[in-house]
Amino acid sequence: MKINNLDELKAFVLLFQEKSYTKVAAKLKVSKAALSNKIRVLEENIQFSLFHRSTRIVTPTQEAEVFYSKALQILDLLKELELSYSAVKKMEGKIHITCSNSIAVSFLGKVITDFMQQFKDIQIQLTVTDSYLDLLENNIDLAIRIGNLPSSSLFGKKMGTNRLIFACSPNYLQTNTLPKTLSDLNEHKIAYLDIHEKIQFVKSKFKLNNLKCKRDLKTNYSNVINEYGLNGGGIIVRSFWDVKEYISQGKLIEIKLDDYLEDYGNIWLLTNNSRYENLRIKTLFQFILEKWKINNS
């Protein structure tokens with residue numbers, strides 16, 4: 001079996017659906033004789049009959065029933081390929097994104113670079129802030145936010161949970177004992193973001209800021225916390241996704257205690273419902289989701 005011409009396949013699908021040479025010939029803007037010839041050539045190539053010709057009614061053969069479903073799959077795949085190629089050609093314009101500093105540094109910076117290399121006519125404006133900017137008021141297309149379920153006025157997808165962990169550098173443990181319980185933490189210096197101080201431990205319901213450990217660094221800037229931990233300043237509380245690369249490289253060690261902190265909300269990718277229909281915004285939206293999935297699997 002071989003198929004040399006997709007036009008013949010398209011003619012067969014239409015004829016199978018319409019059951020009328022007249023209607024299909026009109027749709028394809030060819031004569032009925034030309035249409036009949038397309039079907040005949042296709043039958044010769046696939047080596048079985050597709051339609052009974054004993055009456056004026058076009059009746060598919062049993063083989064045609066099976067062949068139709070396969071032919072439809074082929075044409076659908078072709079249409080999808082054509083649309084994807086067309087989408088690439090139309091991918092141009094500016095996309096305005098906002099996210100926190102930690103997301104920008106550890107994840108989004110590389111993602112948008114990869115995206116712009118793939119789509120040469122795209123321009124990205126990235127606004128880095130830990131504040132929640134109004135998307136409409138600030139003309140923002142996409143936002144990555146950490147926290148609770150976003151407003152129902154926005155279209156959003158959950159990227160993952162914001163799991164908080166304790167970590168320290170191997171150098172720190174050369175002069176300090178690895179803590180195993182909450183009470184052990186009181187013998188250590190600890191650093192965490194101001195926004196995390198009221199987070200509770202799951203089992204004891206004890207709050208992070210109720211620990212009696214020394215907190216000699218206070219900041220709302222996550223990168224400073226990371227550097228504090230990497231340089232052996234003390235134990236840090238950080239989002240796992242933000243320090244997992246340091247852990248995999250052996251620069252930080254995750255500390256497992258007899259209790260653990262609640263998740264600090266979830267990580268959301270957001271846009272306005274109307275903007276999601278824009279090709280370039282929808283494409284980047286899906287691109288970010290896929291990259292996050294790969295990086296955090």
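Student: What makes the charged end of R145 count as sitting over the ring of Y132?

Tutor: A charge sits over a ring if NZ of Lys or CZ of Arg is within 6 Å of the ring centre and within 35 degrees of the ring normal. The charged end of R145 is 4.9 Å from the centre of the Y132 ring, so this pair falls within the 6 Å limit. R215 sits over the ring of Y192 in this way, 4.0 Å from its centre.

Student: How are these values obtained?

Tutor: The model is predicted, with local features needing pLDDT of at least 70 and side-chain atom pairs counting only at pLDDT 80 or more, while totals for chains, interfaces and linings use all residues. Residues are numbered from 1 along each chain as its sequence is written, and side-chain values use heavy atoms, without hydrogens and water.

Student: What links F12, F16, F48, F51, F67 and Y68?

Tutor: Ring pairs join these residues into a cluster. Rings of Phe, Tyr and Trp (its six-membered ring) pair if their centres lie within 6.5 Å; planes under 30 degrees apart count as stacked, over 60 as edge-to-face, and the rest as tilted. The structure holds 14 aromatic pairs.

Student: Why are α8 and α9 called roughly parallel?

Tutor: Helices (H or I, at least four residues) and strands (E, at least two) are DSSP runs, numbered from the N terminus. Axes are lines fitted to C-alpha atoms, for helices over the stretch in contact, and angles run from 0 to 180 degrees between N-to-C directions. Angles under 35 degrees count as roughly parallel, over 145 as roughly antiparallel, 65 to 115 as roughly perpendicular and the rest as oblique. The axes of α8 (residues 222–230) and α9 (residues 240–248) cross at roughly 30°, and α8 and α9 are therefore roughly parallel. Their contact (heavy atoms within 4.5 Å) involves S222, N226 and L230 of α8 with D242, V243 and Y246 of α9.

Student: Why is the term for α2 and α3 roughly perpendicular?

Tutor: Helix α2 (residues 21–28) and helix α3 (residues 32–46) have axes that come within 9 Å and cross at roughly 100°; α2 and α3 are therefore roughly perpendicular. Among the residues in contact are Y21 and L28 of α2 and K32 and I39 of α3.

Student: Which term fits α1 and α2?

Tutor: The axes of α1 (residues 6–18) and α2 cross at roughly 135°, so α1 is oblique to α2. In the contact, A11, L14, L15 and E18 of α1 meet Y21, K23, V24, K27 and L28 of α2.

Student: What makes β4 and β6 edge strands?

Tutor: Two strands pair if DSSP finds at least two bridges between them. An open sheet of five strands has the order β4-β3-β5-β11-β6, with mixed pairing. β4 (121–128) and β6 (154–161) each have a single partner strand, so one side of each lacks a neighbour in the sheet.

Student: How do you know that β5 and β11 pair?

Tutor: Five bridges join β5 (residues 142–147) and β11 (residues 266–272) in the antiparallel sense, so the requirement of at least two bridges is met. One bridge sets I146 against I267 in β11.

Student: Which strands are the edges of the sheet ordered β8-β9-β7-β10?

Tutor: β8 (190–191) and β10 (253–255) each pair on one side only. Three bridges join β7 (residues 164–168) to β10 in antiparallel fashion, and C168 stands opposite I253 in β10. Helix α9 lies across β7, β9 and β10, at about 120° to β9.
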